Amino acid sequence: MSTIGHFVDGKRVAGSSERRADVFDPATGRRTGQVELACAADVARAVEAAERAARAWRDTSLAKRTAVLFAFRELVNARRDRLAQVVTAEHGKVLADAAGEVQRGLEVIEYACGIPSALRGGFSENVSTEVDSYSLRQPLGVVAVISPFNFPVMVPLWFVPVAVACGNAVVLKPSEKDPSAALLLAEWFAEAGLPDGVLNMVNGDKEAVDALLDHPGVKAVSFVGSTPVARYVHQRGSLAGKRVQALGGAKNHMVVLPDADLDLTADAAVNAGFGSAGERCMAISALVAVEPVADALVAKIAERMAGLRTGDGRRGCDMGPLVTAAHAAKVRSYVESGIAAGAVPVVDGRDVTPDGEAEGFWLGPTLFDHVTPQMSIYTDEIFGPVLSVVRVGSYDEAVDLVNANPYGNGTAIFTNDGGAARRYQHEVEVGMVGINVPIPVPMAYYSFGGWKASLFGDLHAHGADGVAFFTRGKVVTSRWLDPRHGGVNLGFPTQT
């Protein structure tokens, strides 16, 4: 039984707290290890190491910083299969999905390798007589990253490479449910040449989160998780004077217009609804069918679901288990609630026969039809393999439904009408929009983030927003001494 500790000042360390949490293999239900849960003293030790390292790292040249990032990129790329296996073993997603997660993380590393271009400032000569002005972006110091269980590689890599490239030191707190992948990333960063203390990792739960939010040495916090916790992190961190970006939950809608290609749409709905067992903040969980397409579309989706294999992600299955027994039970309760509320269970995932051990945390793909906006399976973020079909009579009704939802993370429209698609991208109140693309996660050089209750803070992850979040601007106005400009003048400075 392995014990997973922390990573501080360039090495694995044990914590001072005696609290532990179990780590499971979701496909077998067996406990595979225990993770140490940090107390405030453990967090303080990591922050102090980061503060010491930040002073030298911020003065390290961009050339040396990018050399470290390039070396880290090569290590992750060479060991991507190993990383995917670790993700599958602790999270449960199938190996192909875990490999895709690693690839998306690599894209952010590659973006961070170009940080010299992203950090370029502006320069204006002679803004006044022989006076120049120019802008700089400088690191914040120590920043914290709090990442969720559903993407134990990709989400840390949304933030850490950009923060480090900008000259910050980082304290990472991954999910205690699947911490091993983050620990590997920290060790590989050190192997790539990152100085000790620039990246530290503490495992933990709310106690560690609160310690990071309260510690005066932490200047900024990046968080991904549920909306209630995101709101809490934003409020508590902001009250402590920190810069906070807290990405919350989602209820992502796929709007299907009558002219859509229903075969391609059905493929997309299955892929987006049940990939990673629905444990994605960008999963499609509400399919809005604009009549008269619902009957045909539901039949096509059900036909495709019949061919899905649910089971151990190491056996070539299509969908794996849920992350914990408690979460599987919670998602099952939503299925029961949907039936009790009158939704029609076209495919009931509770009946699945998994290709895996009976003790695994199983629930098969589930499809509901005739869902109404009042049902909990529509209003709540289920975070599981449950797809709800809501029938509407018109495009306008579909847009009103999406815009009335408190979440605004991602959405998609499926249509062959370019005018309707252009109108939808303009009118919909959602941060990321796909046109015939079910999961519109942007590339690393654009930024990831939603609107409304899906984001607390005003800057998104990675891309230009990520660089802006992890730096602060400074404007310098300079004039070199020239005897022609001597003399005393108490008037307000003007441009002359």
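This is a tour of a predicted model, from its confidence scores to its cores, its largest pocket, its largest cavity and one cysteine.

**Colour by confidence**

Start by colouring the chain by pLDDT. The average for the protein is 97, and 99% of the residues reach at least 70. To see both ends of the range among the elements, select strand β1 (residues 2-4), which has the lowest mean at 94, and then strand β9 (residues 169-173), which has the highest at 99.

**The nonpolar cores**

Next, show the side chains of F72, V76, L83 and W158. These are the residues with the most contacts inside the largest nonpolar core, a set of 72 residues. Add helix α6 (residues 154-165): ten residues of this core come from this helix, the largest share. Then centre on V76. Beyond its neighbours up to four places away in sequence, V76 touches L83, V102, L106, I109, L185 and W188.

Now select A328, V335, F368 and F414. They belong to a second core, separate from the first, with 59 residues.

**The largest pocket**

Switch to a surface view and select F149, K177, G225, S226 and V229. Of the 35 residues lining the largest pocket, these lie closest to its centre. The space in this pocket is about 850 Å³. Which elements supply at least two residues each to the lining? Among them are α8 (206-214), β11 (218-224), α9 (227-239) and α12. Colour the lining by residue class to see 15 nonpolar, twelve polar and eight charged residues.

**The largest cavity**

Hide the surface and look inside the protein, where there are four cavities of 30 Å³ or more. For the largest of them, select R280, A283, S285, E381 and F383, the residues nearest its centre out of 14 in the lining. This cavity holds about 100 Å³ of space. Its lining divides into seven nonpolar, four polar and three charged residues.

**C317**

Last, go to C317, in the loop between α11 (294-305) and α12 (325-341). Is C317 buried or exposed? Its relative accessible area is 7%, under the 20% cut-off, so C317 counts as buried. Show what surrounds C317: apart from neighbours within four places in sequence, its contacts are V94, R309, T310, G311, D312 and D355. To finish, draw a distance from the C-alpha atom of C317 to that of G463. The two residues are 146 apart along the chain, and these atoms are separated by 34 Å.

Technical notes
Residues numbered from 1 in each chain as written. Predicted model: local features only at pLDDT ≥ 70, side-chain atom pairs only at ≥ 80, totals over all residues. Heavy atoms only, no water. pLDDT = per-residue confidence, 0-100. Helix = DSSP H or I, 4+ residues; strand = E, 2+ residues; numbered from the N terminus. 1 Å grid on protein atoms, 1.4 Å probe; cavity = no way out; pocket = protein on both sides within 12 Å on 5 of 7 lines; lining within 4 Å. Points joined across faces, edges and corners; volume = space filled by probe spheres on them. Nonpolar A, V, L, I, M, F, W, Y, C, P; charged D, E, K, R; others polar. Buried < 20%, exposed > 50% of the residue type's maximum accessible area, 1.4 Å probe, protein only. Contact = heavy atoms within 4.5 Å. Core = buried A, V, L, I, M, F, W, Y, C linked by side-chain atoms within 4.5 Å.
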